Every structure is written in structure tokens, then in C-alpha cells.
Amino acid sequence: VNNTFYVQWAESIIPADLCAAKLKVDYRQAALKGDTIHVFCDIQDDLYRVKYVNQNDVLIAMVDMLCVQKTV
């Protein structure tokens with residue numbers, strides 16, 4: 001998986017009326033062909049934390065997004 005996909009996938013999780021004001025991406029391990037990737041999202045106030053783990057429950061990547069209302 002190209003690392004930019006982790007950010008794109010994470011951004012697709014946030015509601016349409018929000019946008020990511022700050023991003024922090026932590027790449028831990030490469031996803032390999034044949035891996036099954038599970039996605040988990042924790043939300044606390046304006047912070048969205050998206051975790052990607054493989055079939056062995058090993059953290060592959062994590063994206064933290066501080067989200068704010070979109071301006072018109």
C-alpha cells in the first residue's frame with residue numbers, strides 16, 4: 001500500500017462538514033501483498049485517530065487528524 005492511501009482513507013472517515021486542520025501520520029510497518037488490513041477509528045472531541053492493523057493485529061500505520069468545521 002502506498003503510504004498516501006492511509007491519509008486518503010482516514011480523510012474519507014470524517015464527516016463532510018469537517019476538514020483536517022492538522023495531520024500526524026505514524027508509519028510503523030509496510031503492508032504486504034496478501035495482508036488483510038483492519039481499520040479502527042477513535043474519536044475524542046475534535047481528534048480523529050485512525051489505526052490500521054494487519055491480520056496479526058500488528059499496527060501498520062496511525063493517522064491523527066485534528067478536525068475543524070469547514071468555512072464557506
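Here is a short tour of the model, stop by stop, with what to select at each one.

**Before you click**

You're looking at a predicted model, where local features need pLDDT of at least 70, side-chain atom pairs count only at pLDDT 80 or more, and totals for chains, interfaces and linings use all residues. Residues are numbered from 1 along each chain as its sequence is written, and side-chain values use heavy atoms, with hydrogens and water left out.

**The whole chain**

Start with everything shown as a cartoon. You should find one helix and four strands, running α-β-β-β-β along the sequence. Here, helices (H or I, at least four residues) and strands (E, at least two) are DSSP runs, numbered from the N terminus. The C-alpha atoms fill a box of roughly 40 × 20 × 15 Å along the principal axes.

Now colour by pLDDT, the predictor's confidence in each residue, from 0 to 100. The chain averages 94, and 100% of its residues reach 70 or more. Among the elements, helix H1 (residues 3–11) has the lowest mean, 91, and strand S3 (residues 47–53) has the highest, 97.

Of the 72 residues, 25% count as buried; that means under 20% relative accessible area, with exposed being over 50% and partly exposed in between (1.4 Å probe, protein chains only).

**The sheet**

Select the four strands. They make an open sheet in the order S1-S4-S3-S2, with antiparallel pairing. Strands S1 (18–27) and S2 (38–44) stand at the edges with a single partner strand each, so one side of each has no neighbour in the sheet. Two strands count as paired if DSSP finds at least two bridges between them.

Next, keep S3 and strand S4 (residues 59–69) on screen: this antiparallel pair runs over seven bridges. For one of the partnerships, pick Tyr 52, whose bridge partner in S4 is Ala 61.

**The helix**

Move to H1 and show Tyr 6, Val 7 and Ala 10, which are buried. They span an arc of only 95 degrees around the axis, so they sit on the same side of H1. That arc is taken from the directions from the helix axis to the C-beta atoms. As background, an α-helix has 3.6 residues a turn, so residues three or four places apart point the same way. And what covers the buried residues of H1? The cover includes S1, S3 and S4.

**The loop between S3 and S4**

Select Asn 54, found in the loop between S3 and S4. Is Asn 54 buried or exposed? Asn 54 is buried, at a relative accessible area of 5%. Its side chain reaches the backbone nitrogen of Asn 56 at 2.9 Å. Beyond its neighbours within four places in sequence, Asn 54 is in contact (heavy atoms within 4.5 Å) with Gln 29, Asp 35, Thr 36, His 38 and Ile 60.

Stay in this loop and pick Asp 57. Asp 57 has a positive phi of about 65 degrees although it is not a glycine, and counts as exposed at 62% relative accessibility. For context, most residues other than glycine have a negative phi.

**The loop between S2 and S3**

Last stop: Asp 45, in the loop between S2 and S3. Phi is positive here too, near 55 degrees in a residue other than glycine. Asp 45 is exposed, with 75% relative accessibility.

How values were computed. Polar contact = N/O pair within 3.5 Å; in protein donor to acceptor, adjacent residues only side chain to side chain.
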